[in-house]
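Work through these short exercises with the model open. Try each task before reading its solution.

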Amino acid sequence: MKVILIMVQSINGKVRLINDKNQVWSSPEDKEHFSNLTKEIGIVIMGRKTFDEIGKPLKNRLNIVLTGEPEKFEKLEKKYTGSLYFTDEKPESLLNRLENEGYQTVALIGGPTINALFLEKNLIDEIYLTIEPVIIEGDLSLFSYVQGIHKFKLNEVSSLNNDAIILKYQKATKVGISE
């Protein structure tokens with residue numbers, strides 16, 4: 001099962017504003033890139049706080065929300081039957097189950113706690129990171145809660161628009177060795 005982390009951050013390394021979490025600071029091109037890529041993959045995994053910020057399931061994708069209390073969301077899950085699931089499964093068992101159901105790739109879309117959880121279990125294969133040309137008063141970074149060193153290799157840099165770029169990384173095969 002391939003796991004692709006898809007995130008956007010400011011040039012000062014933040015992924016969310018402190019005071020107004022719903023204020024738009026990423027470009028329309030990034031939103032289109034995110035939408036197209038996650039629809040192509042077909043399944044997104046996120047944490048409960050990320051889901052709360054989005055406010056509803058992303059259309060035309062299977063939405064899986066990791067939470068410590070999935071039973072609290074049974075009514076909401078029934079409202080969006082077939083497109084929204086809440087679970088407290090561990091990442092490895094979730095990915096195994098999805099692979100057994102025929103999925104080959106998932107998009108991991110945050111937040112930092114969930115990103116760190118997958119990273120520390122060595123489950124992230126690729127990272128698509130948009131860098132937007134803004135500096136924001138943010139409270140979270142891409143991996144706010146990571147411990148240790150996790151190496152990735154830069155595969156591609158592409159322009160998203162005149163000012164923003166996408167960095168594509170792949171998990172390094174040998175930890176601690178520069179390639």
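The exercises below cover aromatic rings and a pocket in this predicted model.

**Exercise 1. Classify the ring pairs.**
Task: Find how many aromatic pairs the structure holds, and classify each one.

Solution:
- Step 1. Count: there are 2 aromatic pairs.
- Step 2. Take Phe51 and Phe86. Their ring centres are 5.4 Å apart and their planes stand at 90 degrees, so this pair is edge-to-face. The cut-off for that class is over 60 degrees.
- Step 3. Take Phe73 and Phe86. Here the centres are 4.3 Å apart, with 10 degrees between the planes, and the pair is stacked. Stacked requires planes under 30 degrees apart.

**Exercise 2. Place the rings in the chain.**
Task: Locate Phe51, Phe73 and Phe86, and decide whether they are buried or exposed.

Solution:
- Step 1. Phe51 sits in helix α2 (residues 48-54), and Phe86 in strand β5 (residues 84-87). They are 35 residues apart.
- Step 2. Phe73 lies in the loop between β4 (62-66) and α3 (74-79), 13 residues from Phe86.
- Step 3. Phe51 and Phe86 are both buried. Phe73 is buried too.
- Step 4. Join the pairs: Phe51, Phe73 and Phe86 form a cluster.

**Exercise 3. Describe the largest pocket.**
Task: Give the volume and lining of the largest pocket.

Solution:
- Step 1. The volume is about 1,100 Å³.
- Step 2. The lining has 37 residues; Val15, Thr50, Glu53, Ile54 and Ile109 lie nearest the centre.
- Step 3. Elements that each supply at least two lining residues include β1 (2-10), α1 (28-41) and α2.
- Step 4. Sort the lining by type: 16 nonpolar, 12 polar and 9 charged.

Terms used
Residues numbered from 1 in each chain as written. Predicted model: local features only at pLDDT ≥ 70, side-chain atom pairs only at ≥ 80, totals over all residues. Heavy atoms only, no water. Phe/Tyr/Trp six-rings, centres within 6.5 Å; stacked < 30°, edge-to-face > 60°. Helix = DSSP H or I, 4+ residues; strand = E, 2+ residues; numbered from the N terminus. Buried < 20%, exposed > 50% of the residue type's maximum accessible area, 1.4 Å probe, protein only. 1 Å grid on protein atoms, 1.4 Å probe; cavity = no way out; pocket = protein on both sides within 12 Å on 5 of 7 lines; lining within 4 Å. Points joined across faces, edges and corners; volume = space filled by probe spheres on them. Nonpolar A, V, L, I, M, F, W, Y, C, P; charged D, E, K, R; others polar.
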